[in-house]
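Hi there,

Here is the structure I promised to pass on. Have a look at it first, and then read my notes underneath.

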Amino acid sequence: MSDNNLINGKNSFNGNGAPMASFNFTSGKTYRLRLINPSAAAVQNFSIDGHTMTVIANDFVEIQPYETDHVTLAVGQRSDVLVKATGNATDAVWMRGYKPPPCWPTHGGDDVKAAIFYEKADRMQAPTTSAGPNAYNQYCGNDPLSQTVPTYAINPGEPSVTEMIPIEFRPNGTNLLWYLANRTFRADYNDPILLEAKEGNLDFPYIENVHSYGEPCLLFCSSWSPPTLLISPPGTNRSIRFVFENTGAQPHPMHLHGHNIFVLQEGSCIDDQTVFGGNNGTSVPWRTNTTLVKKRDAGYGSCWDGSIANPGNPQRRNVQMLLPGHYIVVQWNQDNPGVWYGYQIPLAECLRCLLTLCSSSTCRPFHCNIAWHLGAGFVWTVLEQPGFVESEMEIPQIMAQYVNTSASAGDYY
């Protein structure tokens, strides 16, 4: 747990007199601030005394601008804001960062300040401004989905696959681990998934929690001229929808590598009986009763009512906060990189093509950005783009050499 907070790497600690960060404003100008939360676990609430901000982008996705007096950033999130320097030339004001304790336990040091000096301010005097009404807001979530609308509209369409993924923190016999739909994760640093995929080896150990979505599909279009056989390779250009359900007590900044995700909806999800079908219907934040676990094959209940915020143009970003007792619905297209194959070929050649395509893939981990959660199994790995890694992707040889020469003491972590 952290015991300090920093802006641009600076803050004092226990009265040691270390310098604070400072910034310069000129009256009448507008400044673009790129806010980043690089924390291991802490949520950050950002504000500037006496100033409003116009949010223009989240995780580098431009959005329709809206005004706010504070910005909440989960681990790994980024927001671009515009701040108009409305003060007088002699003003000095505080910029504030704050770690809300309900979002992650700390050892104190939750508050950090940086000085903003206008062009004629006395830089020898610290600002004396007061915090705004939301500077110490305890809320851990992001702004409402109805408010964060991308500038460039993309309709996510209907998914090919929908997966219900409830989240649990429970023992495996020796340790407490995170489980997603009854699966946990450990990495084998000596045998990376990507290198195995490059060699066409897809028989991964169960503990690596690897999943591939989209089976090969043959569609014969007899009405076309000439009649055409379409091939959908496994896992390519398939739209995937995940419903993450968090009935526990901790927030999770959910992050997918290699994509912006459509964030379709979020809402309350406190009832274990709804999700797992195995208790009296009350929330069990620190669950250790393994009888609640229902096997993934049998399916899980859903807290989601099927509604979508801004269905024609939902928010897109690559980190979204999943609050305690809540669900989020996310969707993405497996298009990094990959294409649909639509061409006329003999059936025998088609089958040979499918066998080749099925022999390789690439992976995109979906995980919680909190470092300790990630290390305790909070990872769901998705295989993507069959055929591309083995036949096209160039992986530097030094990567394989490094793996072979830096084996750790154990196979898995």
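Below are some notes on a sheet and on one loop residue.

First, the ground rules: this is a predicted model, in which local features need pLDDT of at least 70 and side-chain atom pairs count only at pLDDT 80 or more, while totals for chains, interfaces and linings use all residues. Residues are numbered from 1 along each chain as its sequence is written, and side-chain values use heavy atoms, leaving out hydrogens and water.

The sheet is open and has 4 strands in the order E2-E7-E4-E5, with antiparallel pairing. Strands here are DSSP runs (E, at least two residues) numbered from the N terminus, and two of them pair if DSSP finds at least two bridges between them. Strand E2 (30–36) and strand E5 (61–68) form the edges, each pairing on one side only.

E2 and E7 run antiparallel and are joined by 7 bridges, with Tyr 31 opposite Val 83 in E7. Strand E4 (residues 53–58) pairs with strand E7 (residues 78–84) over 4 bridges, also in the antiparallel sense; here Thr 54 stands opposite Leu 82.

Side chains alternate along E2: Tyr 31, Leu 33 and Leu 35 point to one face and are buried (under 20% relative accessible area, 1.4 Å probe, protein chains only). Thr 30, Arg 32, Arg 34 and Ile 36 point to the other face and are not buried.

Finally, Asp 49 lies in the loop between strand E3 (44–48) and E4. Asp 49 is buried, with a relative accessible area of 3%. Not counting residues up to four places away in sequence, Asp 49 touches Val 93, Trp 94, Arg 96, Thr 129, Ser 130, Ala 131 and Gly 132 (contact means heavy atoms within 4.5 Å).

Best wishes

Conventions. Buried means under 20% relative accessible area, exposed over 50%, partly exposed in between (1.4 Å probe, protein chains only).
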